[in-house]
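Biologist: Could you give me a close look at the nonpolar core of this protein, and then walk outward to what surrounds it? I'm new to this, so please keep it relaxed.

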Amino acid sequence: MDKTINQYIKVSETDVPEYCPPKHDNTFNRRLLGPKEGSMQMEFIIGRMKKGGNASPHLHSAFDQVMYMLEGKVRVTGDGADVFLVPGDLIYFPQNCMHEVDVQTEEAKFIVLYSPPRESSPEAVNKG
């Protein structure tokens with residue numbers, strides 16, 4: 001990771017470790033941007049879920065979440081009707097919106113944005 005104070009920040013996906021968030025199975029996230037990199041307003045994550053992967057029903061009381069699909073197909077269940085997401089689809093979960101995600105294909109890849117960033121570090125998330 002290249003980092004210079006008060007200038008741009010460049011991070012490559014392969015430069016950061018994978019972690020599995022709490023209440024998720026067969027999920028592999030890489031946090032590319034967050035407070036550790038100097039971003040206090042947003043957090044950027046590349047996530048993958050393999051077949052059988054899911055995010056059990058949960059909500060976020062301290063931040064909003066956006067999920068943008070890159071590959072595969074997932075079903076989202078929660079506050080509102082069930083929906084299926086495919087590449088090019090975006091879903092927004094405002095604070096306190098209950099949601100659950102299940103993979104429908106061999107693998108799904110997506111971008112996750114949190115605003116403001118989660119307080120958790122990858123190490124704290126792994127202890128979940």
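Modeller: Sure! Starting at the N terminus, the elements run β-β-β-β-β-β-β-β-β-β-β-α, which adds up to 11 strands and 1 helix. Keep in mind that this is a predicted model. The protein has 128 residues, and 37% of them count as buried.

Now for the core. In soluble globular proteins, nonpolar side chains tend to be buried together. Here the largest nonpolar core has 19 residues, and the ones touching the most other members are Met67, Met69, Val74, Val76, Val101 and Phe110. Two or more residues each come from β5 (43-58), β6, β7, β9 (90-93), β10 (99-103) and β11 (107-115). The largest share belongs to β11, with 4 residues.

Zoom in on Met67 to get a feel for the packing. Leaving aside residues up to four places away in sequence, Met67 touches Val74, Asp89, Leu90, Ile91, Phe93, Val101, Phe110 and Ile111. Val74, Val101 and Phe110 appear again here, and they were among the core residues with the most partners. Contacts across the chain matter for the overall picture too: of the contacts with a separation of 6 or more, 65% are between residues 24 or more positions apart.

Let's step out to a loop next. Lys73 sits between β6 (64-71) and β7 (74-78), and it counts as partly exposed because its relative accessibility is 33%. Beyond its neighbours up to four places away in sequence, Lys73 touches Phe84, Leu85, Val86, Asp102, Val103, Gln104, Thr105 and Ala108. Take Asp102 from that list: it is 29 residues from Lys73 along the chain, yet their C-alpha atoms are separated by 8.8 Å.

Nonpolar side chains turn up on the outside as well. Tyr68, Leu70, Leu90 and Tyr92 make a surface patch with about 370 Å² of accessible area together. Both β6 and β9 supply at least two residues of that patch. Leu70 belongs to strand β6, and with 34% relative accessibility it counts as partly exposed. For the protein as a whole, the accessible surface is about 7,100 Å², and carbon and sulfur atoms account for 52% of it.

Charged side chains add another set of links, with 8 salt bridges found in the whole structure. One of them joins Lys109 and Glu13, at 3.7 Å from N to O. Those two are 96 residues apart, with Lys109 in strand β11 and Glu13 in the loop between β2 and β3. Lys109 is buried because its relative accessible area is 18%, while Glu13 is partly exposed at 29%.

A second salt bridge pairs Glu18 with Arg48, and their closest N and O atoms are 2.6 Å apart. This one connects strand β3, where Glu18 sits, to strand β5, where Arg48 sits, across 30 residues of chain. Glu18 is partly exposed at 35%, whereas Arg48 is buried at 17%.

Then there is Lys51 with Glu106, a salt bridge at 3.5 Å from N to O. Lys51 is in strand β5 and Glu106 is in the loop between β10 and β11, 55 residues apart. In this pair, both residues are exposed. Salt bridges with shared partners also tie Glu18, Arg30, Arg48, Lys50 and Glu107 into one network.

What about disulfides? A search of the whole structure finds 0 of them. As for two of the cysteines, Cys97 is buried because its relative accessibility is 12%, and Cys20 is partly exposed at 27%.

Last, a few backbone details. Lys23, in the loop between β3 and β4 (24-33), has a positive phi of about 65° although it is not a glycine. Lys23 is also exposed, with a relative accessible area of 53%. Asn96, in the loop between β9 and β10, likewise has a positive phi, near 70°, and is partly exposed at 45%. Finally, the peptide bond from Ser115 to Pro116 is cis, with omega near -10°, and Pro116 lies in the loop between β11 and α1 (122-127).

Technical notes:
Residues numbered from 1 in each chain as written. Predicted model: local features only at pLDDT ≥ 70, side-chain atom pairs only at ≥ 80, totals over all residues. Heavy atoms only, no water. Disulfide = S-S within 2.5 Å. Buried < 20%, exposed > 50% of the residue type's maximum accessible area, 1.4 Å probe, protein only. Contact = heavy atoms within 4.5 Å. Core = buried A, V, L, I, M, F, W, Y, C linked by side-chain atoms within 4.5 Å. Patch = residues over 30% accessible without salt bridge, like charges linked within 9 Å, V, L, I, M, F, W, Y side chains within 5 Å. Areas by Shrake-Rupley, 256 points an atom, 1.4 Å probe, with all protein chains shown as cover. Salt bridge = Lys/Arg side-chain N within 4 Å of Asp/Glu carboxyl O.
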